[in-house]
Amino acid sequence: MSNNRSASTASAVVGLQWGDEGKGKLVDLLASEFDAVVRYNGGANAGHSVVVGGQRYALHLVPSGILSPGVLAVVGNGVVVDPERLLEEIKTLSERGVDTSAMVISDRAHVVMPYHKAEDALREELLSPAADSGPTQTKQVVSAIGTTRRGIGPAYADKVQRATAIRIGDLLNPEILRTKLEMICTLKNSIFSALHPGEPEQFDAYELTEQFSALGEQLRPMVKDTAYLLDDLRHTGKSILFEGANATMLDVDHGTFPYVTSSNASALGIGPGSGVPPQAVTRIIGVVKAYSTRVGGGPMPTELFDEVGDGIRTRGREFGTTTGRPRRVGWLDLVALKYAAMVSGATELCITLLDVLSGEPELRLATSYAMPSGDTDRFVADGILLGEATPNYETMPGFSEDITGARRFDELPANARSYIERIESFVGVPIRTISVGPDREQTIRR
Ligand code: IMP
């Protein structure tokens, strides 16, 4: 690897809200222009749904680029991989006729183990208000995060703990895997039995070694040092698209902490999650819904609890791809969006689900927050303090036309165009793509 050879630059697609912005559709739309599509964060908590030729695909761990023939789909080191789920997803795609031979997984990606899922569920139960025993009985400042229970947080926690982590590379070496698991299972079992005295030990190092070595053997042909692979691609003029999972507002450092996921889900995660240096990424497309949604706990200043919110939820089919949970729905929060575009360094925006707003007599945009200390146009990146924000709205006239057939910006009703232009001027980043329906064709490029 050398820094003085010229290398191609890369692009990225990243969510600017709390996830589910429609990144999968955009990645799928762009993928054929790239040689590789790379996931750099998150795990099976993500749910990218893509509609191709009337067929809907729900992807969790496999990069959306897989649906474009000839595009290399890379799972980078920053992803936490549940091997069983990944293999199941690959199998399901193959059975539906998708060529999955161009898949590569980093040997340095971390593995989500069964005890991570158990820990995730246990922690959520202990934090939930219904918990009537244990250390959280006192008044809680932080309640349940509302995680997807896919073991994401505990897997990242073990990565940072180091000694208790298992990486994909370890699955290819049963001796190392067994030695690590003996220590890890002793530790995990003692923690679980302290919380559930009298229950039998849950995790057996021998069984887990057998199970995960077998999964490792199935993954073996796909496992590579992806930092070198991506560097080689860049130095042979190949183009790379990074696919963000979850979203900027769920970023563990810059989102609504502690109501976030456990990875750098903004564009800032690309470097550490892939080994590609930050200056390589020159085009960052921030994806944002025409309104807001959120799944799980945590503040959402513009949340709607009325029939307007119900209507948007129904028309937008706002139910989780991963968990099926109904999503919380609200007006577009421009304070949050401008902040997310700043943190992720968005060079352009893609607005999705604009068609869902059709029929609303008026549209509201939050342009500042009323806080106990006064009004502010700056985002409050703290999940507890943000709970005190009341949005100040700007109101615009809505549109009632069916816009799902529009293919050019000037085919949109005047009120829809004004709405887009207001978002653009507030955020200060050009809106280059507008999605007016789930299909590839239902897209306006400006
Ligand atoms: P975790 O990532 O499962 O730990 O969940 C943490 C929080 O992030 C929860 O509120 C989840 O609902 C949310 N979350 C994680 N991934 C996604 C996603 O891809 N879309 C929407 N919400 C997500």
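In what follows, Ala, Val, Leu, Ile, Met, Phe, Trp, Tyr, Cys and Pro are counted as nonpolar, Asp, Glu, Lys and Arg as charged, and the others, Gly among them, as polar. The structure above is a predicted model.

A place to begin is the ligand. The ligand sits in the largest pocket, and 16 residues surround it. Asn 45, Thr 148, Asn 246, Thr 261 and Val 295 are the closest of these. By class, this shell is made up of 6 nonpolar, 8 polar and 2 charged residues.

Three polar contacts can be followed from the ligand to the protein one by one. On the side of Trp 18, a backbone N or O atom lies 3.5 Å from a nitrogen atom of the ligand. Asp 20 takes part through its side chain, where an N or O atom is 3.3 Å from a nitrogen atom of the ligand. At Gly 146, a polar backbone atom is 3.5 Å from an oxygen atom of the ligand. Taken on its own, the ligand has 470 Å² of accessible area, and the protein covers 97% of that area.

Asp 20 also has a backbone feature to look at. This residue is placed in the loop between strand 1 (10-15) and helix 1. Its phi is near 65°, a positive value in a residue other than glycine. Another backbone feature is found at Pro 258, in the loop between strand 10 (240-243) and helix 8. There the peptide bond from Phe 257 to Pro 258 is cis, and its omega is near 5°. As background to both features, most residues other than glycine have a negative phi, and most peptide bonds are trans.

The next step is from the ligand to the space that holds it. The largest pocket contains about 1000 Å³ of space, and 50 residues line it. Nearest its centre are Asn 45, Ile 152, Val 260, Thr 261 and Ser 262. Asn 45 and Thr 261 are also listed among the residues closest to the ligand. Which helices supply at least two residues each to the lining of the largest pocket? They are helix 3 (114-127), helix 4 (152-161) and helix 8 (270-274). Helix 4 gives the most to this lining, with 7 residues. Sorted by class, the lining has 18 nonpolar, 23 polar and 9 charged residues.

The second largest pocket has a volume of about 630 Å³. It is lined by 28 residues, and those closest to its centre are Ser 49, Arg 56, Gly 316, Leu 353 and Pro 438. Two or more residues of this lining come from each of helix 1 (23-31), strand 3 (48-52) and strand 4 (55-59). Strand 3 gives the most, with 4 residues. The classes in this lining are 7 nonpolar, 11 polar and 10 charged.

The cavities come last. Rolling a probe the size of a water molecule over the atoms shows where empty space is left. The count comes to 3 cavities of 30 Å³ or more.

The largest cavity has a volume of about 40 Å³. Its lining consists of Asn 189, Phe 192, Ser 193, His 196, Glu 199, Pro 200, Glu 201 and Gln 202. These residues divide into 2 nonpolar, 4 polar and 2 charged.

The second largest cavity holds about 40 Å³ of space. Around it are Leu 16, Gln 17, Trp 18, Met 249, Ser 292, Leu 332, Asp 333, Ala 336 and Leu 337. Strand 14 (332-333) and helix 10 (334-344) each supply at least two residues of this lining. By class, the second largest cavity is lined by 6 nonpolar, 2 polar and 1 charged residues. Trp 18 links this part of the account to the earlier one: it lines the second largest cavity, and a backbone N or O atom of Trp 18 lies 3.5 Å from a nitrogen atom of the ligand.

Technical notes: Residues numbered from 1 in each chain as written. Predicted model: local features only at pLDDT ≥ 70, side-chain atom pairs only at ≥ 80, totals over all residues. Heavy atoms only, no water. Near = heavy atom within 4 Å. Polar contact = N/O pair within 3.5 Å; in protein donor to acceptor, adjacent residues only side chain to side chain. Areas by Shrake-Rupley, 256 points an atom, 1.4 Å probe, with all protein chains shown as cover. 1 Å grid on protein atoms, 1.4 Å probe; cavity = no way out; pocket = protein on both sides within 12 Å on 5 of 7 lines; lining within 4 Å. Sits in = over half its atoms within 2 Å of the grid points. Points joined across faces, edges and corners; volume = space filled by probe spheres on them.
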